[in-house]
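Student: I have a structure to look at. Could we go through what the terms used for it rest on?

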Amino acid sequence: MTENEDQAAGLLLAAGGGRRLGGRPKALLPHRGRPLVEHAVGVLRAGGCTRVHVVLGARADDVREQASLAGCVLVDNPEWEEGMGSSLRAGLDSLAGTGAQAALVSLVDQPGIGPEAVGRVLDAYRGEGTLVSAAYEGVRGHPVLFGAAHWAGIAATATGDRGARAYLKEHAAAITLVECGDVARPYDIDTAEDLVHLE
């Protein structure tokens with residue numbers, strides 16, 4: 001195990017209710033014969049995250065029943081309807097006191113992003129002051145890695161569906177961009193039309 005793997009925990013945001021998908025929770029969408037949340041956890045592990053925290057919200061009990069998430073820390077976000085910001089806050093809060101020095105954040109609805117992109121972002125970790133983002137043709141995307149020194153600032157500004165966007169914009173000069181366009185596709189599963197991306 002490398003130092004990076006031990007100190008950076010995977011943080012999967014999987015609480016969304018799939019409002020534009022007719023209220024189907026994204027975590028439970030089928031992909032390759034299993035719930036999407038299970039696939040996303042597998043990607044984080046294959047990319048090098050030995051510890052994975054998963055933030056659940058919409059139909060959390062069903063997700064627990066239907067998805068095999070053994071070995072993950074499951075974090076309930078009762079405020080999931082407020083948007084991604086609340087899930088990010090809940091996830092970062094769950095990492096406090098665990099010894100993790102960084103959080104590698106990924107979204108459950110981006111199955112086009114695989115272990116290669118996760119591994120590249122993880123490899124850019126340089127301590128708790130690190131800010132790293134995958135980039136697609138130079139444009140910032142997911143996954144992102146937040147060193148622990150940034151968690152409080154991110155939590156303070158993570159509101160609605162903006163997640164860490166405001167914080168990252170403010171600290172743009174400090175972000176290491178890691179190009180991943182050659183190994184990943186950053187589409188989201190947001191609408192019924194996007195379901196074609198699932199296998």
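Tutor: Yes. Keep in mind that this is a predicted model. We can begin with the surface: the accessible surface of the chain comes to about 8,900 Å², and 49% of that belongs to carbon and sulfur atoms.

Student: What makes the chain as compact as a globular protein of that length?

Tutor: The globule rule gives 16 Å for 199 residues. The radius of gyration of the chain is 15 Å, close to that value, so the chain counts as compact in this sense. Along its principal axes the C-alpha trace spans about 40 × 35 × 35 Å.

Student: How many of the residues count as buried?

Tutor: Of the 199 residues, 53% do. The cut-off for buried is under 20% relative accessible area.

Student: Why is a set of residues called a nonpolar core?

Tutor: Its members are buried residues such as Ala, Val and Leu, joined through side-chain atoms within 4.5 Å. The largest one here has 42 residues. L12, A14, V37, V54, V63, L104 and L145 touch the most other members. Among the elements that give two or more residues to this core are β1 (8–14), α2 (36–47) and β4 (52–56). The most comes from α2, with six residues.

Student: What does L12 touch?

Tutor: Leaving out residues up to four places away in sequence, L12 touches V37, A40, V41, L44, H53, V54, V55, S106, L107 and V108. Contact here means heavy atoms within 4.5 Å.

Student: Which residues belong to another core?

Tutor: Apart from the largest core lies one of 24 residues, including V144, W151, A158 and I175.

Technical notes
Residues numbered from 1 in each chain as written. Predicted model: local features only at pLDDT ≥ 70, side-chain atom pairs only at ≥ 80, totals over all residues. Heavy atoms only, no water. Rg over C-alpha atoms; globule rule 2.2 N^0.38 Å. Buried < 20%, exposed > 50% of the residue type's maximum accessible area, 1.4 Å probe, protein only. Areas by Shrake-Rupley, 256 points an atom, 1.4 Å probe, with all protein chains shown as cover. Helix = DSSP H or I, 4+ residues; strand = E, 2+ residues; numbered from the N terminus.
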